[in-house]
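Me: Hi! I've got a structure open here and would like to talk it through with you. Ready for a few quick questions?

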Amino acid sequence: MNEQLEFLEQVGSDFWLVEDERDNLKVSYRIKEVIYAGYSTFQHVMILDSYDFGRMLVLDGVVQSTSLDGHIYNEMITHVPMMIHPNPEHVLIVGGGDCGAAREVAKYDCVKKIDMVEIDELVVEACREHLPTVSGNLSDQRVNFIFADGVEFIKTKRGCYDVIVVDSSDPIGPAMGLFEYGFYREVHHALKGDGLMVCQSQSPLFHREVMNQTVHHLERLFPIIGVYGATVPTYPGGFWSFSLGSKMYYEIPATMFDKNTKYVNDAILRSCFDLPEFLKLVPDSVGGERLPENAGHCVDSGVVRPNLAI
């Protein structure tokens with residue numbers, strides 16, 4: 001099959017990207033144009049122009065970011081931890097090949113250096129050239145692009161970073177190792193004594209087991225944990241979770257949020273940790289669900305409460 005038509009289906013004169021969600025759900029996007037398509041060492045990479053979502057990054061047939069709503073995800077995974085930490089000077093982004101997360105972190109004048117570790121250089125090249133609404137044609141001199149395996153890279157760092165953002169794709173292929181306990185343990189080691197981290201932890205509706213596993217991993221490592229959410233229409237179910245682990249800080253400051261954003265504002269920052277009731281339940285070890293004995297998963301008025309079990 002022609003490389004440009006990989007993962008696309010033709011219906012009449014139209015081409016559609018059909019994304020399978022665990023064989024139970026299919027999401028279809030009508031495509032205007034294939035902007036870019038090619039294989040890297042790791043995966044198939046496409047930039048497509050769609051009718052409703054605009055240009056989108058697609059890896060192995062799965063939509064990662066779009067011009068319509070990519071800012072929601074990138075703003076939420078970055079501004080929450082960046083606002084909680086009082087002085088984030090050194091930041092590590094693991095993944096984030098669309099450059100959207102690095103673009104948001106670069107909005108903080110206090111940041112001195114941003115290490116962005118992405119395993120697939122082709123993704124970065126394609127997004128900087130063909131997906132400017134997300135990448136912003138990122139060229140900030142503080143951004144240090146490192147094309148390497150994030151799992152291996154993090155093992156070489158100890159006490160280096162104030163904030164670590166794990167902006168991974170789904171837990172398949174190159175990203176599988178970014179969801180394992182051993183990786184989060186290395187993230188903990190790579191943070192400074194007052195550092196904090198955040199990762200995307202998948203859909204609370206369709207990938208609940210991934211979110212729960214992530215929370216349990218962080219419980220074992222950090223004295224303060226929290227889960228927050230956002231609505232990202234592109235992603236399955238539209239409801240997405242982020243999990244935060246912190247060694248010390250847990251408050252959104254009283255100062256007003258002043259960054260130039262399209263989604264995040266002061267009210268969003270203070271309410272995103274307010275979880276619906278079904279997310280306050282976590283599985284117990286013998287089946288069923290229980291309320292956590294500690295308050296680590298619960299957030300009230302923008303404050304992540306300490307996990308008293310650690």
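Me: Let's start with H7. How many of its twelve residues are buried?
Reply: Happy to help! Keep in mind that this is a predicted model. Nine of the twelve residues of H7 are buried, so the rest of the structure largely encloses that helix.

Me: Which ones are buried in H7?
Reply: The buried residues of H7 are Arg-208, Val-210, Met-211, Asn-212, Thr-214, Val-215, His-217, Leu-218 and Glu-219.

Me: And what should the helix span at 1.5 Å a residue?
Reply: The expected span for H7, residues 208-219, is 16 Å, and its end C-alpha atoms are 16 Å apart, so the two agree.

Me: Nice. Switching to Glu-75, where is that?
Reply: Glu-75 sits in helix H1, which covers residues 70-84.

Me: Is Glu-75 buried or exposed, and what is the nearest side chain of opposite charge?
Reply: Glu-75 is buried, and it has no salt bridge. The nearest side chain of opposite charge is that of Lys-107, 4.9 Å away. A salt bridge would need the side-chain nitrogen within 4 Å of a carboxyl oxygen.

Me: So what lies 2.9 Å from a polar atom of the Glu-75 side chain?
Reply: That's the backbone nitrogen of Tyr-263. Tyr-263 is also among the residues Glu-75 touches, leaving aside those up to four places away in sequence. The others are Val-80, Glu-104, Thr-261, Lys-262 and Val-264.

Me: What about the backbone oxygen of Glu-75? Which side chain has a polar atom 3.3 Å from it?
Reply: Thr-78 does. Thr-78 lies in helix H1 too, and it counts as buried because its relative accessibility is 0%.

Me: Which residues does Thr-78 touch, if I skip those up to four places away in sequence?
Reply: Ala-101, Glu-104 and Val-105. Thr-78 and Val-105 are 27 residues apart in sequence, with their C-alpha atoms 6.3 Å apart in space.

Me: Changing topic: how many disulfides does the structure hold?
Reply: Zero.

Me: OK, and the cysteines: is Cys-160 buried or partly exposed?
Reply: Cys-160 counts as partly exposed, because its relative accessibility is 29%. Cys-199, on the other hand, is buried, with a relative accessible area of 1%.

Me: Last one, for the whole protein chain: how many helices and strands?
Reply: There are eight helices and 17 strands. The chain has 310 residues, of which 56% count as buried. Among contacts between residues at least 6 apart in sequence, 65% join residues at least 24 apart.

Technical notes. Residues numbered from 1 in each chain as written. Predicted model: local features only at pLDDT ≥ 70, side-chain atom pairs only at ≥ 80, totals over all residues. Heavy atoms only, no water. Helix = DSSP H or I, 4+ residues; strand = E, 2+ residues; numbered from the N terminus. Buried < 20%, exposed > 50% of the residue type's maximum accessible area, 1.4 Å probe, protein only. Lys, Arg positive; Asp, Glu negative; His and termini not counted. Polar contact = N/O pair within 3.5 Å; in protein donor to acceptor, adjacent residues only side chain to side chain. Contact = heavy atoms within 4.5 Å. Expected span 1.5 Å × (residues − 1). Disulfide = S-S within 2.5 Å.
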